[in-house]
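Q: I am new to reading protein structures and would love a close look at one part. Could you walk me through the disulfides, and tell me what surrounds them?

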Amino acid sequence: FTDSGVIDQPAAILSEQNNSTVISCSHNDNNLDVMLWYQQLPSSRSLALIGYGYAKTNPSYEPGFEPRFRLTRKDTTTGALTISKLGLLDSGMVRCANVQQNPASVFANKSETAELNCSYDDSSKPNMLWYQQKDSSLGLILLSYGASSEPFYEDGFKDRFKLERTVVLDATLKISALSLSDSAVYYCAVSNKKVCLKGMALYFNFTEPQTLYDKQLSMDAFLLLVILLCLRDVFSDNILITQWPEYISSPVGSTVNMHCFQNDTDYDYKYWYRHVKGEGPVLIGSYIVSSSTNEKGFETGFKLSGTGKKKWSLSLNLTMGIDAVYLCAASLHNPKLDIIAPNVSIIEPSKKEQCKKKITLVCLAENFYPDHVKIKWFVGNKERKNGVATDPEATKVNDMYTMSSRLELPRKAWKKSSNKFTCEVDFFNGAETIKQTKSVNGIDGGYDRASNITLPKVKIHPPSPKETCSQKNIMTLVCTAWGFYPDHVTLSWIVNGLERKDNISTDHSAQQDKRSLMYQMSSRMKITYSEWVDPSNVFNCSVQFFNGEEYITVSNTLSGEKGFNKEETIARRVRNICINLLFPL
């Protein structure tokens, strides 16, 4: 349904169990790029959100509707809903938007006459029916029907209800001598065999102001308003909300307040909307957790506030033209964003902090949505509460949340490698709580001997004599870096001033000696025989070492060996080398 443009979808679909069905939907307003699908079961007045999506993007689904419900979108104005493996529970009411009723809401005083208009664009449906639905009832009461200018009236509606129909496609229902019992939602329907319903709300001004604190309004209590509202933002279904007062009459210049209360939920995202007659509802602002945000155009004269999680209020400074219908809504989370679990990491104590008597571990939960998280610390398998300091609430950065917690420990507890420190983040995704953990072990007691930053020693080893005598054309240079701490190193090869990346094989990570706690690492470079026997070639192994504050380069250089005269054969070169090996001087 929409407050502007026309939406077209089939009036009714009959299908057998286990079959699949496709429900198409189209409209003529290119400005409406969000398409939402709802289900209303026969036993419920609530609209359950199936899913929604923007043009040319993947749709989002509410829990319980995947994988049998699939939303597709051809373009901005055309979409479809496919339901596979149909069951009896999928049966629901189909409403058509090509039946137009106006005005959407009627406010009138007692004893006056109200007029409700209905028009449609399908002359093949000559039958017009009018129904009444009371707030306290789930059923529709037929009050009038007929295909001519002389309709039939049901008992109880013959005296004050009059249906005027001068042409087939247009009619007016007049209700005279209004009383409070006439407050209801009225439906205009047209049919031959299929019926399309459209709802209209009728309200009354009271002679004496009344405040209905005990009147409970579900989100679909005013059907047409809710249908319009759901085009602007998506809300969780079946939320029971109490809104009061129902009507406000006050002079210009005064301040009025209206309130909402969540009866069965504790949703953090709460909203206020303004619905001016003849226009669609417009978001005034949102009240999220404990902070309010006003939309553009509502910065002054509109104040949002809240008391705890359940109650939120709207204060208005009355000016000319501010009169309208004001609506409140609540949501579990921002429907425009996906549910994203946090990334969890533990930041270990810095080098300087490790010299103190107490050290601090920091647990960081980042980039999650929404902000329903709890952080716990465990030492071994036992939860630790002493020495724990956790942020009071998550911090919002670019629509995502971040939260941290700190665990303070004696240095001797951290210097014990058998101690295991675990950060557990409990994240509620709207359906269940997901536990994510990150653990680190304490360091060995010998850490103090290696706690001083130690630069690596670097050496290039030439090809071995056996490799030289093998008569192969490929030689191997080996670079070793050893005796360094910590293990933040990168090895690279440079030949004649240019970095070489081909034919390089480097250890994936540095290896630690368990006794000295120092690290070592090696890298191998393949070169040709002619490169090695050319003394003008300079081979350099460069080790980039990070000491915690800056990068330091430690390197070693080796030149090629003196070669033979050009007229000597390769066989003679090899023979001379082997003779020297067998009969050294």
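A: Here is a tour of the disulfides, followed by a sheet that one of them reaches.

Keep in mind that this is a predicted model. The structure holds four disulfides. A disulfide is a covalent bond between the sulfur atoms of two cysteines. If you count the bonded cysteines along the chain, the pattern is 1-2, 3-4, 5-6, 7-8. Let's visit three of these links one by one.

Start with Cys260 and Cys328, whose sulfurs are 1.7 Å apart. The angle about their S-S bond is -75 degrees, and the link is left-handed. This pair connects distant parts of the chain: Cys260 sits in strand β20 and Cys328 in strand β26, 68 residues apart. Both Cys260 and Cys328 are buried.

Next come Cys363 and Cys423, joined with an S to S distance of 1.9 Å. Their disulfide is left-handed because the torsion about the S-S bond is about -70 degrees. Cys363 belongs to strand β28 and Cys423 to strand β34, so the bond ties together parts that are 60 residues apart in sequence. How exposed or buried are they? Cys363 has a relative accessible area of 0%, so Cys363 is buried. Cys423 is buried as well, with a relative accessible area of 0%.

The next stop is the link between Cys479 and Cys541, with an S to S distance of 1.9 Å. A torsion of about -80 degrees about the S-S bond of Cys479 and Cys541 makes this disulfide left-handed. Cys479 lies in strand β37 (residues 474–484) and Cys541 in strand β43 (residues 538–546), with their positions 62 residues apart in the count. Both Cys479 and Cys541 are buried.

Now follow β43 into its sheet. Strand β43 is one of four strands in an open sheet, in the order β39-β38-β43-β44, and the pairing is antiparallel. At the edges are β39 (498–500) and β44 (551–559), each of which pairs on one side only. Neighbouring strands of this sheet are turned by 35 degrees against each other on average, with direction ignored. In general, strands of a sheet pair through backbone hydrogen bonds, either parallel or antiparallel.

For a closer view of one pairing, look at β38 (residues 489–495) and β39: three bridges join these antiparallel strands. Within this pairing, Ile494 stands opposite Glu499 in β39.

Notes:
Residues numbered from 1 in each chain as written. Predicted model: local features only at pLDDT ≥ 70, side-chain atom pairs only at ≥ 80, totals over all residues. Heavy atoms only, no water. Pairing = 2+ DSSP bridges. Helix = DSSP H or I, 4+ residues; strand = E, 2+ residues; numbered from the N terminus. Axes fitted to C-alpha atoms, helices over the stretch in contact; angles between N-to-C directions. Disulfide = S-S within 2.5 Å. Buried < 20%, exposed > 50% of the residue type's maximum accessible area, 1.4 Å probe, protein only.
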